[in-house]
Amino acid sequence: MLNCAKRLLQGVLLMSMLSAGAQAAPIDLIIDTDPGADDVVALFLAMASPDELKIRAITTVAGNVRLEKTSRNARLAREWAGREEIPVYAGAPRPLLRTPIYAADIHGEEGLPGVAVSEPQKGLANGNAVRYLIDTLSSAKPHSITVAMLGPQTNLALALIEAPEIVNGIKEVIVMGGAHFNGGNITPVAEFNLFADPHAAEVVLKSGVKLTYLPLDVTHKVLTSEARLKQIADLNNAASKRVVDILNAYVKADMKHYGIPGGPVHDTTVIAYLLKPELFTGRQVFMQVDSRDGPTFGQTITDWYGTLKQPGNVTWITEGDAQGFFDLLSARLARLP
Ligand code: BDR
Ligand code: CA
């Protein structure tokens with residue numbers, strides 16, 4: 001009788017919390033990144049969303065430019081967003097096995113096109129990103145930490161190689177990377193992050209961690225337009241000005257290369273997915289990464305129709321609500337200095 005009354009009371013409490021619009025607990029998040037124009041926009045969106053995202057740390061990796069520059073740009077983004085309490089750990093200076101490649105032709109020599117860069121006030125956190133991932137994930141509650149992966153997957157792969165048991169601390173890994181229906185952006189079939197370190201992507205894939213991929217298939221459907229850039233510019237704060245300047249410089253190359261009316265903001269879709277998954281759709285598929293030398297190096301092979309009859313190992317996102325994405329980005333950028 002007493003138990004029954006207790007359960008009733010718990011039910012009533014739960015109902016009243018829900019009807020009072022009680023917030024879900026924020027996502028416990030580590031952002032691994034190689035800023036990078038679209039990485040910085042992604043960092044802005046994440047840092048402007050403290051109610052939903054508890055950012056434990058930003059970890060940096062060599063990718064779009066060398067590690068010193070991606071680490072500086074991550075610290076700059078943090079300073080620009082007024083979130084200097086978030087530690088930035090520098091990680092791997094090069095991929096696991098392949099010769100390093102960079103994307104200065106797209107992101108500029110400094111890794112951040114369209115805006116002036118300078119040395120940020122605050123330095124890096126002491127210690128290395130790979131060690132940070134191992135220590136944090138091995139002492140975390142089971143399946144509690146989400147990792148947003150916005151660059152080559154080298155840091156997490158190194159952590160998994162040294163301490164495979166850290167998978168237990170990970171809730172899920174959300175990756176910007178790969179391409180299937182769209183074709184590649186660095187070779188005809190490979191997307192840059194996978195091409196820059198396919199061996200690392202394989203280690204993460206084979207670890208069995210819960211994985212979601214936001215590939216070019218979706219990022220090339222979530223494009224800027226003059227109206228969308230104006231929507232951001234109209235916010236008229238320092239963050240919105242920087243985003244517009246960065247994007248105006250960044251999207252040009254893709255618009256020309258693909259003949260499309262606007263450009264993708266790739267990495268930012270990962271953060272939007274965390275904040276509003278209802279903007280995106282995809283399906284669970286079996287995916288493989290080609291790390292053999294040759295013309296398909298770095299390709300993601302996605303068994304969309306289940307031809308191989310293998311159990312799915314990633315959620316592969318193919319559709320995104322572009323205007324919903326830009327509405328979310330604008331609303332959040334309005335909160336930044
Ligand atoms: C990805 O490659 C990088 O150049 C971007 O920052 C993004 O992470 C897009 O292919
Ligand atoms: Ca990136």
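Which residues of β4 are buried on one side, and which on the other? In this predicted model, I145, V147 and M149 lie on one face of β4. T146 and A148 lie on the other. Each of these residues is buried, and both faces of the strand are covered. In a regular strand, side chains alternate between the two faces of the sheet. With 5 of its 5 residues buried, β4 is therefore largely enclosed by the rest of the structure.

Pairing was then examined on either side of this strand. Strand β1 (residues 27-33) runs parallel to β4, and 4 bridges connect the two. Within this pairing, D32 stands opposite M149. Strand β5 (residues 170-176) also runs parallel to β4, with 5 bridges between them. Here T146 has E172 of β5 as its bridge partner.

The calcium ion (ligand 2) is held by donors from D34, D39, L150 and D267. D39 contributes two OD entries to the list. D34 and D267 also donate through OD, whereas L150 donates through O. The coordination distances are 2.3 to 2.6 Å. Along the chain, the donors follow the spacing D-x4-D-x110-L-x116-D. L150 sits in the loop between β4 (145-149) and α6 (154-162), and D267 in the loop between α11 (238-258) and α12 (268-275), so this pair ties together parts that are 117 residues apart in sequence. Both L150 and D267 are buried.

Helix α12 is mostly covered as well. Of its 8 residues, 8 are buried. They are T268, T269, V270, I271, A272, Y273, L274 and L275.

At the level of the whole chain, the secondary structure comprises 13 helices and 10 strands. The radius of gyration is 20 Å, which agrees with the value near 20 Å for a compact globule of 337 residues. Along the principal axes, the C-alpha atoms fill a box of roughly 70 × 50 × 45 Å. Buried residues account for 56% of the 337 residues. Among contacts with a separation of 6 or more, 83% join residues 24 or more positions apart. The chain exposes about 14700 Å², and carbon and sulfur atoms supply 56% of that area.

An unreviewed UniProt entry lists residues 29-327 as "domain: Inosine/uridine-preferring nucleoside hydrolase". This span is 37% helix and 17% strand. Its end C-alpha atoms lie 23 Å apart.

Terms used
Residues numbered from 1 in each chain as written. Chains lettered and ligands numbered in written order. Predicted model: local features only at pLDDT ≥ 70, side-chain atom pairs only at ≥ 80, totals over all residues. Heavy atoms only, no water. Donors = N, O, S within 2.8 Å, 3.2 Å for Na, K, Ca; no water. Buried < 20%, exposed > 50% of the residue type's maximum accessible area, 1.4 Å probe, protein only. UniProt positions renumbered as here; feature names shortened; annotations may be inferred. Rg over C-alpha atoms; globule rule 2.2 N^0.38 Å. Contact = heavy atoms within 4.5 Å. Areas by Shrake-Rupley, 256 points an atom, 1.4 Å probe, with all protein chains shown as cover. Pairing = 2+ DSSP bridges.
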